[in-house]
Amino acid sequence: MTSLHGRELEEEFLSTVRELAGDVESREAGDRYLLTTHALYHGGPVSWAMTPKIFDGEQIEILRDAAETMGRIMDKITAEYLRNPEFRKLFHFSPELEELTLVPTGYEQMIPIARVDVFFNEETGDYQFCELNTDGSAGMTSTVEVTRAIQATQAYRKFAEKHPNITTYDVVGEAIDAIRDTYVSWANADRFGSSVEHPSLCIVDYTESASTDELEDFLWRLSDRGIYAQFCDIRDLHIEHVAGTDLLMAPGGPVSCVYRRAVTSEIAEKPCAGADALAEAARRGLACVIGGYRTWPCATKTVFAIMRSDAVDGILTPEERAFIDAHVPETVLLAADSDLSPYAEKDRWIVKPAGGYNAVGVVAGLDCKSQEEWETALATCAKNGGVVQAYAPQYRTPTLRGGVLKPGEDPLDAPEMSNMEGLFLFNGKFGGVFTRCGIGNVIGEWTHRLNMGCLVVE
């Protein structure tokens, strides 16, 4: 069996911090550094862990294979969804939402940008998928900047003296490469003449839902690449007839490429003229929409239930079916009349809304204080057509909190926290890891999550 060393390296890093009495000054300096970046949350530095997630080369290869195998499966399911009306029915989309997902993109790549989340056992190399993200995959800026904050600490410098071959990921740069490459491959890219390598780009979301600090980071980085970019609330888009041609327009001018961060289900929930204009622009080839709308089926919680069903016979290879059986938890799509008795043992299950995102509406049975509370959550999920999923065991590691310590807080306190790895895919290729941890049984933006840095030690 392959020997995995990442866990040992994390313990070594912890020991180094303890030798420095918690390296308190570096933790405070980390907060000051993050305030100069776009890794912010409600005006302050993101919550972060002093302890980085450290992988060795063997672990990274396991994660790379996990991500790229799932990426190929997602591509096949998306292609079948587009081809087969009967397969589409399994997702239970409204007619309006289904129509939106069928809008053509003008390029071949099914899902240009994705993040697949896993619970990874660092000692055995086993993993279970938690969810798949396509539209609005976030966490890129915080991953880059928290890693840099850790690399500026005294503890890191001492650690690096013993391990000179440390690498990190620039996932923001990888994402920008994927956006550019997708645009270049777009069928209508030459419509805008010499600007194929430098499209007029707009990042689109609902302002109230946008990760504005991360998007500002993207705008700065795009500007460095010589690409004019702006952020626009999706409501402010429109099509305008200019100089004999129709153009997609944002407040800052015409747009030839759209990086859509607005989640498809939110577009369905919040219809507006701007969203209609974006769909029409994609349909008519007026703008390249990165991700299009066909990415949504694989971002639903429903997709795991479909992956584990007979519906994928003939779509996936036997090896891919075995991969799903080994790494995707049992997932069942519920309805109002579903028999809920098989899911009564609350600690074994978790419920999720079919079209949810950011862990909103996710309830783990382990977090329910009573059987009655669990049964209520389960019944609500069934009524709303959500899924129930076998609760995947989470790998826990001792974690020191980064940043300014609270009065009386022990600088050496390292409670065990659950880990989750988000594996980025850019045009189907593994491009880095978004690591975060939390004390609760659900790791979400609202559950006191800590963002972690990511180091690879060869």
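Visitor: Hi! How does H8 pass H9, in a left-handed or a right-handed crossing?
Guide: Hello! H8 passes H9 in a right-handed crossing. Keep in mind that this is a predicted model.

Visitor: Noted. At what angle do those two helices pack?
Guide: Helix H8 covers residues 171–185 and helix H9 covers residues 212–224. They pack at an angle of about 65°, and their axes are 11 Å apart. Because of that angle, H8 counts as roughly perpendicular to H9.

Visitor: Which residues meet there?
Guide: From H8 you have Val172, Gly173, Ala175, Ile176 and Ile179. Their partners in H9 are Asp217, Phe218, Arg221 and Leu222. The residues of this contact divide into six nonpolar, one polar and two charged.

Visitor: And H6 with H8, how do their axes cross?
Guide: The axes of H6 and H8 come within 8 Å and cross at roughly 145°. On the H6 side, Met140, Thr141, Thr143 and Val144 take part, and they meet Val171, Val172 and Ala175 in H8. The contact of H6 with H8 has five nonpolar residues, two polar and no charged. You'll recognise Val172 and Ala175 of H8, which also meet H9.

Visitor: Nice. What about H2 and H6, at what angle do they pack?
Guide: Helix H2 (residues 24–34) packs against helix H6 (residues 140–151) at an angle of about 140°, with 9 Å between their axes. So H2 is oblique to H6. Their crossing is right-handed.

Visitor: Who is touching whom in H2 and H6?
Guide: Gly30, Tyr33 and Leu34 come from H2, while H6 brings Glu145, Val146, Arg148 and Ala149. That contact divides into four nonpolar residues, one polar and two charged.

Visitor: Changing topic: how many cavities of 30 Å³ or more does a search of the whole structure find?
Guide: The search finds one. Its volume is about 100 Å³.

Visitor: What lines the largest cavity?
Guide: The lining includes Ile111, Pro112 and Ile113, then Thr134, Asp135, Gly136 and Ser137. Further along the chain, Tyr259, Arg260, Ile290, Gly291 and Thr295 also belong to it.

Visitor: And how do those lining residues divide by type?
Guide: Five are nonpolar, five are polar and two are charged. Asp135 and Arg260 are in that lining, and Asp and Arg count as charged.

Visitor: Thanks, I'll look at the helices again on screen.
Guide: Enjoy! You could begin with H6, since it has contacts with H2 and with H8.

How values were computed. Residues are numbered from 1 along each chain as its sequence is written. This is a predicted model: local features need pLDDT of at least 70, side-chain atom pairs count only at pLDDT 80 or more; totals for chains, interfaces and linings use all residues. Side-chain values use heavy atoms; hydrogens and water are left out. On a 1 Å grid over the protein atoms alone, a cavity is a set of points where a 1.4 Å probe fits but cannot get out, and a pocket is an open set with protein on both sides within 12 Å along at least five of seven lines; lining residues have an atom within 4 Å of a point. Grid points are joined across faces, edges and corners, and a volume is the space filled by probe spheres set on the points. Axes are lines fitted to C-alpha atoms, for helices over the stretch in contact, and angles run from 0 to 180 degrees between N-to-C directions. Helices (H or I, at least four residues) and strands (E, at least two) are DSSP runs, numbered from the N terminus. Angles under 35 degrees count as roughly parallel, over 145 as roughly antiparallel, 65 to 115 as roughly perpendicular and the rest as oblique. A crossing is left-handed if the near helix is turned anticlockwise from the far one by less than a right angle, and right-handed if clockwise. Contact means heavy atoms within 4.5 Å.
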